[in-house]
Amino acid sequence: MSDAFVKAGGKLSLVRTPAFGSDGHMLFNENGTAIWAPIVDRFLAANNLVQRDRLLDAPPRPAQLRTR
């Protein structure tokens, strides 16, 4: 799928991050901000997209995720 995307003119980059938590799925929560925010900032800058002056406040975690 990625080959077809690139052949059609799309830009693609894979960003590998260090292991995070038990399975990596919680990277995009408040504890992973220091890892993913710079990656997103670079993407936004490279694509001439607006960057925020500050991060949005994280919403409260759903009860079923609070123990993870």
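Start by selecting Lys11, Leu12, Ser13, Val15, Ile39, Arg42, Phe43, Ala46 and Asn47, which together line the second largest pocket. Keep in mind as you look around that this is a predicted model. The pocket you have just picked out has a volume of about 250 Å³. Try colouring its lining by residue type: you should find five nonpolar residues, two polar ones and two charged ones.

Now keep Leu12 selected and add Phe5 and Val6. What do Phe5, Val6 and Leu12 make on the surface? These three residues form a nonpolar patch of about 280 Å². Leu12 therefore turns up twice on our tour, since partly exposed or exposed residues can join a patch if they have over 30% relative accessible area, and Leu12 is also in the lining of the second largest pocket.

Zoom in on Phe5, which sits in helix H1, a stretch covering residues 2–7. Is Phe5 buried or exposed, or something in between? Its relative accessible area is 44%, so Phe5 counts as partly exposed; the band for that label runs between 20% and 50%.

Next, go to the largest pocket, which holds about 530 Å³ of space. To find its centre, select Thr33, Trp36, Leu55, Leu56 and Ala58, the closest to that point among the 24 lining residues. Colour the whole lining by type and you will see 14 nonpolar, three polar and seven charged residues.

From here, move to helix H2, which spans residues 33–46, and click on Ala34. With 68% relative accessibility, Ala34 is exposed, because that label applies to anything over 50%.

Then draw a distance from the C-alpha atom of Ala34 to that of Asn48. How far apart are they? The separation is 22 Å, for two residues that are 14 apart along the chain.

Stay with Asn48 for a moment, in the segment after H2. Asn48 is exposed, its relative accessible area being 73%. Look at its backbone too: phi of Asn48 is near 50°, which is a positive value in a residue that is not glycine.

For the last stop, select Asp57, another residue in the segment after H2. Asp57 has a relative accessible area of 65%, so it is exposed. Finally, show Glu30 as well and draw a line between the two C-alpha atoms: Asp57 and Glu30 are 27 residues apart in sequence, and 8.9 Å apart in space.

Notes:
Residues are numbered from 1 along each chain as its sequence is written. This is a predicted model: local features need pLDDT of at least 70, side-chain atom pairs count only at pLDDT 80 or more; totals for chains, interfaces and linings use all residues. Side-chain values use heavy atoms; hydrogens and water are left out. Patches are made of residues with over 30% relative accessible area and no salt bridge: like charges are joined within 9 Å, nonpolar side chains (Val, Leu, Ile, Met, Phe, Trp, Tyr) within 5 Å. Accessible areas come from the Shrake-Rupley method with a 1.4 Å probe; for residues, only the protein chains shown count as cover. A salt bridge is a side-chain nitrogen of Lys or Arg within 4 Å of a carboxyl oxygen of Asp or Glu. Helices (H or I, at least four residues) and strands (E, at least two) are DSSP runs, numbered from the N terminus. Buried means under 20% relative accessible area, exposed over 50%, partly exposed in between (1.4 Å probe, protein chains only). On a 1 Å grid over the protein atoms alone, a cavity is a set of points where a 1.4 Å probe fits but cannot get out, and a pocket is an open set with protein on both sides within 12 Å along at least five of seven lines; lining residues have an atom within 4 Å of a point. Grid points are joined across faces, edges and corners, and a volume is the space filled by probe spheres set on the points. Ala, Val, Leu, Ile, Met, Phe, Trp, Tyr, Cys and Pro count as nonpolar, Asp, Glu, Lys and Arg as charged, and the others, Gly among them, as polar.
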